Amino acid sequence: MKTIIAEKPSVAREIARIVGAGKREEGYLTGNGYNVTWAFGHLVQPAMPEEYNLHGFVRSNLPIIPETFTLVPRQVRTEKGYKADSSVVAQIKIITRLFKDSEQIIVATDAGREGELIFRYLYHYIGCTVPFVRLWISSLTDKAIREGLKHLEDGSMYDNLYHAAKARSEADWLVGINGTQALSIAAGRGTYSVGRVQTPTLAMICERYWENRRFTPETFWQLHISAKVQDSDGVVKMPSVEKWKDKATATALYNNVKESNTATVVKVERKEKIEETPLLYDLTTLQKDANTKYGFTAEQTLDITQKLYEKKLVTYPRTGSRYIPEDVFAEIPKLLAFIGRLSQWSGKIPQKPEPTRRSVDDSKVTDHHALLVTGEKPLFLSEDESKVYHLIAGRMIEAFSEKCVKDVTAVTVECSGVVFSAKGHVVKQAGWRAVCKEEQEETILPDWKEGELLHLSGCSMTEGKTKPKPLHTEATLLSAMETAGREIEDEELRQALKDCGIGTPATRASVIETLFAREYVTRQKKCLVPTEKGLALYS
């Protein structure tokens with residue numbers, strides 16, 4: 001008998017159907033030589049300090065660094081402290097029996113770092129020695145599961161993934177337990193939760209908050225002219241390149257310009273501008289767009305995408321790659337044709353021999369390739385599910401469309417010693433910009449030549465104020481987490497963070513939610529605002 005273990009019941013049911021394990025038992029499905037069971041996420045976790053006989057927050061206990069980490073069933077908080085979750089304990093007993101009666105274990109937890117840790121922690125906690133192999137798939141379609149089962153790999157191939165996950169888990173424990181206790185003891189009252197990723201993330205929110213609140217607006221003045229277009233009733237409005245903080249200076253220049261009836265074209269630049277197609281979505285870029293367009297939180301977007309994955313409609317959601325490998329690229333024409341048959345995207349599919357290859361690079365594919373739709377029909381979706389599904393579908397069309405090509409014109413004119421400018425563009429090839437109709441209205445400038453004299457029809461002076469950087473939204477915070485470290489002065493540290501930022505695509509949403517749960521941050525419309533408690537921890 002072989003035992004297959006999935007990360008959750010819904011995935012186990014799909015795999016059981018494929019392998020013919022149709023008989024339902026308590027905690028698993030069986031049949032055709034297979035038992036198919038499941039976890040509920042992490043069934044086993046590193047123990048809290050109490051397991052090491054260290055109770056309360058005591059200065060002399062710090063730092064707490066276990067020689068070896070003890071694993072325990074997942075805990076739930078009660079009035080009398082933490083205790084093992086009874087449903088988890090029951091499932092562990094079922095899995096233990098199935099493992100020990102098996103000739104082979106097939107690991108079908110999510111194909112990623114956290115999925116690997118879910119199985120390995122459980123395997124070590126049980127003390128199991130049965131050999132195991134890995135099912136590694138990027139979607140839950142019948143075809144993907146069948147292909148995966150034909151190409152199972154020895155479990156030892158994923159040892160490094162497990163070691164990376166274990167190191168992260170233990171680092172989280174060490175920073176969280178010691179940091180929380182040390183800071184809470186230092187504060188003298190209350191509990192201040194500290195986390196390896198959560199606290200730098202809070203710092204970014206607080207830093208932006210203080211930068212915004214302490215910002216002193218400065219008043220400035222700017223001049224504007226309107227130049228007549230020859231042989232038409234049209235005018236071109238142009239702002240001054242410079243802005244002035246001194247009103248008297250601006251006023252004097254305004255009076256000079258006002259007295260002049262003409263301006264001279266001093267520079268005309270015409271060039272072709274190419275806008276490359278956007279890359280496919282990874283989880284973080286999907287979360288950013290869903291937040292900007294629909295106000296979804298990062299957690300909401302992840303939950304919705306996970307549901308779409310379990311409905312076999314999209315590929316694995318917790319991906320950090322925006323690229324696909326060559327073998328997946330071979331499937332793209334068929335997937336684009338499928339998307340083109342959906343009513344929302346009718347007529348949007350590029351009609352050309354081969355899709356653009358910008359998102360194709362085997363070397364940049366991590367555990368999983370970029371997010372794609374699978375070609376299964378999206379039936380009976382909720383409104384939110386439909387929004388996220390079509391974000392992914394739309395991005396696929398954009399990514400494999402033509403580049404957007406524009407003719408851009410920049411004109412510089414001078415009037416009474418003041419320099420003004422105007423920009424225009426004409427779209428030669430809309431390309432990917434036409435897919436979601438993001439292209440802005442064309443601005444066509446006259447065919448002015450350098451040295452040409454322009455007749456003015458108007459002049460004005462406006463007053464403005466400088467603005468601070470806006471407060472973080474979830475979209476901008478996700479970007480900041482993704483690119484964290486860019487401003488670090490230490491070259492070695494900056495390089496270490498360069499390509500990864502802080503957190504992972506899979507965990508950034510839960511980190512942000514933890515800040516809300518700990519009452520460090522609140523939402524004001526789309527903005528993230530630190531609470532007094534959050535600012536106290538930051539200081």
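Q: Two strands pair if DSSP finds at least two bridges between them; in what order do the 7 strands of the open sheet with mixed pairing stand?
A: This is a predicted model, in which local features need pLDDT of at least 70, side-chain atom pairs count only at pLDDT 80 or more, and totals for chains, interfaces and linings use all residues. Residues are numbered from 1 along each chain as its sequence is written, while side-chain values use heavy atoms and leave out hydrogens and water. A strand is a DSSP run of E with at least two residues, a helix is a run of H or I with at least four, and both are numbered from the N terminus. With these terms in hand, the order of the 7 strands is β2-β3-β4-β1-β9-β10-β11, and their pairing is mixed.

Q: What makes β2 and β11 edge strands?
A: Strand β2 (23-25) and strand β11 (153-154) each pair on one side only.

Q: How do you know that β3 and β4 are paired, and in which sense?
A: Strand β3 (residues 28-31) and strand β4 (residues 34-38) share 4 bridges, and at least two are needed, so they count as paired, here in the antiparallel sense. One of the positions concerned is Tyr28, whose bridge partner in β4 is Thr37.

Q: Which strands of this sheet does helix α1 touch?
A: Helix α1 (residues 9-19) packs on the sheet and touches β1 (2-6), β2, β3, β4 and β9 (104-108), and its direction makes about 165° with that of β4. Touching is meant here as contact, that is, heavy atoms within 4.5 Å. Such angles run from 0 to 180 degrees between N-to-C directions, with axes fitted as lines to C-alpha atoms and, for helices, over the stretch in contact. Helix α3 (residues 113-126) lies across β1, β9 and β10 (132-134), at about 175° to β10.

Q: How many strands form the open sheet with antiparallel pairing, and which are its edge strands?
A: That sheet has 6 strands in the order β13-β12-β17-β14-β15-β16. Its edge strands are β13 (235-239) and β16 (418-429), each of which pairs on one side only. From one strand to the next, the twist averages 30°.

Q: How do you know that β15 and β16 are paired?
A: Between β15 (residues 404-415) and β16 there are 11 bridges, set against a requirement of at least two, and therefore the two strands are paired, in the antiparallel sense. In β16, Phe420 is the bridge partner of Val413. Helix α7 (residues 247-259) packs on this sheet, where it touches β12 (219-228), β15, β16 and β17 (453-465), and its direction makes about 160° with that of β17.

Q: What partners does strand β14 have, and over how many bridges?
A: Strand β14 (residues 262-275) pairs with β17 over 3 bridges in the antiparallel sense, and Leu454 in β17 is the bridge partner of Ala263. Strand β14 also pairs with β15, again antiparallel, over 11 bridges, with Val268 opposite Val411 in β15.

Q: Why is Thr531 called buried or exposed?
A: Buried means under 20% relative accessible area, exposed means over 50%, and partly exposed lies in between (1.4 Å probe, protein chains only). The relative accessible area of Thr531 is 18%, which is under 20%, so Thr531 is buried. Thr531 sits in the loop between β19 (527-530) and α16 (532-538). Leaving aside residues up to four places away in sequence, Thr531 touches Glu519, Tyr520, Val521 and Thr522. Of these, Val521 is 10 residues from Thr531 in sequence, yet their C-alpha atoms are 5.3 Å apart.

Q: What makes the phi of Glu519 stand out, and is this residue buried or exposed?
A: Most residues other than glycine have a negative phi. Glu519 is not a glycine, yet its phi is positive, at about 65°. Glu519 lies in the loop between α15 (508-517) and β18 (521-524), and its relative accessibility of 56% is over 50%, so Glu519 counts as exposed.

Q: Why is Phe380 called buried or exposed?
A: Its relative accessible area is 80%, which is over 50%, and therefore Phe380 is exposed. Phe380 is found in the loop between α11 (332-340) and α12 (383-399), and has a positive phi, near 55°.
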